[in-house]
Each structure stands twice: as structure tokens, then as C-alpha cells.
Amino acid sequence: MNAVQLPVLNPPLKGFLRWAYTLSITSAHEETIPWYYSNFIQLSCTKKFLEHGSHCYMDFFRGKPNELNFNNPFLLTCSVNYTIMESLAMDNWPRFFADQIKSGYYCIVFLDESKLSPAPYYQKEPFPHHLFIYGFDWDESLFYVSMFDYTGVYRNLQIPFQEFIEAVQSMRHLLRDNVTADHHTYFFKYEPHSPYPFDKTAVLDQLRDYINGENHLNRINYNTDDVEAFGIKVYDYLQMYYDAVESSDPRLDSRSDVRHLHVLWEHKKMMSERIAYLVEEEIIPYDEELVEGYKDITKRAMKLRDQYIRHEIREDKEVFERLRLRFNQFREEEPALLRKLIAMLEA
């Protein structure tokens, strides 16, 4: 086979690429839908981002390790580091990864994205990152990949073998010079799981944790050590972050990141879609207040994200007052809707 493309779908979550990459694989299989709607309820956010060298980090929370490390029941996972791959000659890297794709493995390669022409960081400072490869064409000397391009859009693209080799070679130099740590290269193979029905118990646990601002997931193997906020408490730290951005707080290392608002919108969209799924599957009855309430929160969250994007292009100081208003509204409205959802699931 001189050309292979493994099946992928446009992923439902793109805020961080561990979700985009793994969900683009599993979303192509209908049997994974009940699992998907049984998860992605909890949020987490860094608390101590006003300390030197720290960053504000907000994302969906599914316990530790994260999705690239054996956390998805439908993906057979293995990983290697550059030390293991050291003996592989650079010219042989395309053939090695093409062979893995032939065997049904999607490849998540850690490389220097500044060497890839479609990337936002092309020909700029080194940018260590994971690249998702789902196919190749040997006759055309290219890989089929998914990534954010220079316009900020997540899409399927083509990367010439030569650019791929240059990106890997650059990463080798960065690692040897101790510029960055090795975040490993991953291989994922889709494997049909035994029947995975909608897990009402897991959903109820996550909903309660979200409302209470707590986390009981994977408690045995993971101590939060008071460094992360969970669930409804995330709004307090988002507000703290954007207050620091507005005042140009010198303690803030990372500034004006719209990803937090994008993840917030994805969370509301995911919750609204989950409610629609539960109604469609007759797991809960239709309730207008619940359905329309979350649709409205989702619309406001998307509008807030879009307003902040426009602010980054053309400054609008009033956006910070809108952020405060929306965070307060969501903090007040969400628990009432989720308690209704919990009561319906329990019934």
C-alpha cells in the first residue's frame, strides 16, 4: 500500500489537542457515543498562576494521567521517547511512521512545529509540540495530519516528508541542548470496546463534584495538593486571571489567553449536547427549563469568547466588565440547572 488514510472525524472538542486528537479517532465510531456523554463534565483551573513562572491553565478534567496516557478505553496506546528512537536514521523516520499507520496506528509525534509550513509558528522560535498523523502517500512523499494552521483553524493538512524530517531533527537538537523536555511520541490504535452503556452513576458523581467545586476522581493515585480549583469554583479563578490581565499585573507571566473562554464555551456546548442526548435516548424526559437554560448559557459563552477575540484585535476595555457579568451569571444559574438534571437522573 503506497497510500493509507485512517478514519478521522472533526473532533467535538478542540480547546486542547489531547482531546482533539483522541476524539477525532473515537468519534468516527458510533459505539463510543455513550462513553463520550458519560464524561467531560468536570473542569479544573490552576490556582497559583500569579507566582513567578506559573501559567493559568483551564481544561476539562478526567483524572490523571491525561488522555495521551492510557486514559481512553477505546484506544490501545504505546509511547516512545527520543532516546529509544536515537538509533533510527533521520531518512528512515518517514518509513517507520508509515509502517505504523499501515498497521492501524495513529501517530502523535513530538517535534518542532516551527519547521512545518502550515503552522502558526513557522520559521519563528522553536515550538515543541505534538503532531497528529493519520495517513501518508508514499508516491507524493507526504503525511496526512491534523493541526491548528496559521489562521488558527484546526484542520486536516498535508506535510511533506522533508519538512517532517527537519522538524524531528530540530527537536533532537533542542533535546540535546536541554532547551525542552521530551514529551514522548504516542501511537494509538482503535480497538472496539466491550459494550459501554451510558454510565449514569459516573455522570451523577461528576455533576455533584462540579456543583460542589470538588474532585473525587482517581483520588487514590492523585493528590491535588490544593493547586487546582474544580467545577463551579473555576469561575473565581477565571475572574482573578482576567482581572490580572486588565490591570497588567506584573506577576502574570502569560497574558490575554482566549483559550480559557474557548474551553468554557466548549464545556457549555458539551453540557447542552449531553442533555439533548439524554432526552433523545429517553434517559430523562424533556424539560424546557433545563434544555433552553443550557442552550442560553452556551450562546452567551460563545458570544463572550467572540467578544474577547475582537478585543484582542481592537482593544475594548468594556469586555472585562462583560466577563465579570457573565461569570457571575453562570456561577448562579448553572447549579440550579444541574441540580434539576441530577434529580431527573436519580428519578
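This passage walks through helix α1, the salt bridges, the cysteines, the largest pocket and one loop lysine.

The model is a predicted one, so local features are taken only at pLDDT of at least 70 and side-chain atom pairs only at pLDDT 80 or more, while totals for chains, interfaces and linings use all residues. Residues are numbered from 1 along each chain as its sequence is written, and side-chain values rest on heavy atoms, with hydrogens and water left out.

A handy starting place is helix α1, which covers residues 17–26 and holds Thr22. Helices here are DSSP runs of H or I with at least four residues, strands are runs of E with at least two, and both are numbered from the N terminus. Thr22 has a relative accessible area of 0%, so it is buried. The cut-offs behind that word are simple: buried is under 20% relative accessible area, exposed is over 50%, and partly exposed is in between, using a 1.4 Å probe and protein chains only. With neighbours within four places in sequence set aside, Thr22 is in contact (heavy atoms within 4.5 Å) with Glu67, Leu68, Asn72, Leu75 and Phe188. Arg18 also sits in helix α1. Its relative accessible area is 18%, so Arg18 is buried. On the same basis of leaving out neighbours within four places, Arg18 is in contact with Tyr57, Asp59, Asn66, Glu67 and Leu68. Glu67 and Leu68 thus turn up in the contact lists of both Thr22 and Arg18.

Next come the charged pairs. The structure holds 22 salt bridges, each being a side-chain nitrogen of Lys or Arg within 4 Å of a carboxyl oxygen of Asp or Glu. One of them joins Lys269 to Glu273, with the closest N and O atoms 3.8 Å apart. Both partners belong to helix α7 (residues 259–280), where they are four residues apart, or about one turn of the helix. Lys269 counts as buried because its relative accessibility is 18%, whereas Glu273, at 29%, counts as partly exposed.

Another salt bridge links Glu315 and Lys317, and here the closest N and O atoms are 4.0 Å apart. Glu315 is exposed, with a relative accessible area of 60%, while Lys317 comes out as partly exposed at 45%.

Helix α9 (residues 319–346) holds a further pair, Glu321 and Arg324, which lie three residues apart, about one turn of the helix. Their side chains meet in a salt bridge at 3.3 Å, N to O. Glu321 has 49% relative accessibility and so counts as partly exposed; Arg324 falls into that class too, at 22%. This pair belongs to something wider, as salt bridges that share partners join Asp243, Glu246, Glu321 and Arg324 into one network.

What about the cysteines? A disulfide is a covalent bond between the sulfur atoms of two cysteines. The test applied here asks for a pair of cysteine sulfur atoms within 2.5 Å, and the structure holds zero disulfides. Cys78 is in none, and its nearest cysteine sulfur, that of Cys107, is 8.9 Å away. Cys78 is partly exposed, given its relative accessible area of 34%. Cys107, by contrast, is buried, with a relative accessible area of 0%.

The largest pocket has a volume of about 1,400 Å³. To find pockets, a 1 Å grid is laid over the protein atoms alone; a pocket is an open set of points with protein on both sides within 12 Å along at least five of seven lines, a cavity is a set where a 1.4 Å probe fits but cannot get out, and lining residues have an atom within 4 Å of a point. Grid points are joined across faces, edges and corners, and the volume is the space filled by probe spheres set on the points.

The lining of the largest pocket runs to 42 residues, with Lys14, Gly15, Phe16, Phe148 and Arg259 nearest its centre. At least two lining residues come from each of α1, β6 (128–137), β7 (142–148), α7 and α8 (288–313). Helix α7 gives the largest share, five residues.

Last up is Lys233, in the loop between β10 (228–230) and α6 (234–246). Lys233 counts as partly exposed because its relative accessibility is 41%. Lys233 and Ser44 are 189 residues apart in sequence, yet 8.7 Å apart in space, C-alpha to C-alpha. Not counting residues up to four places away in sequence, Lys233 touches Asn212 and Gly213.
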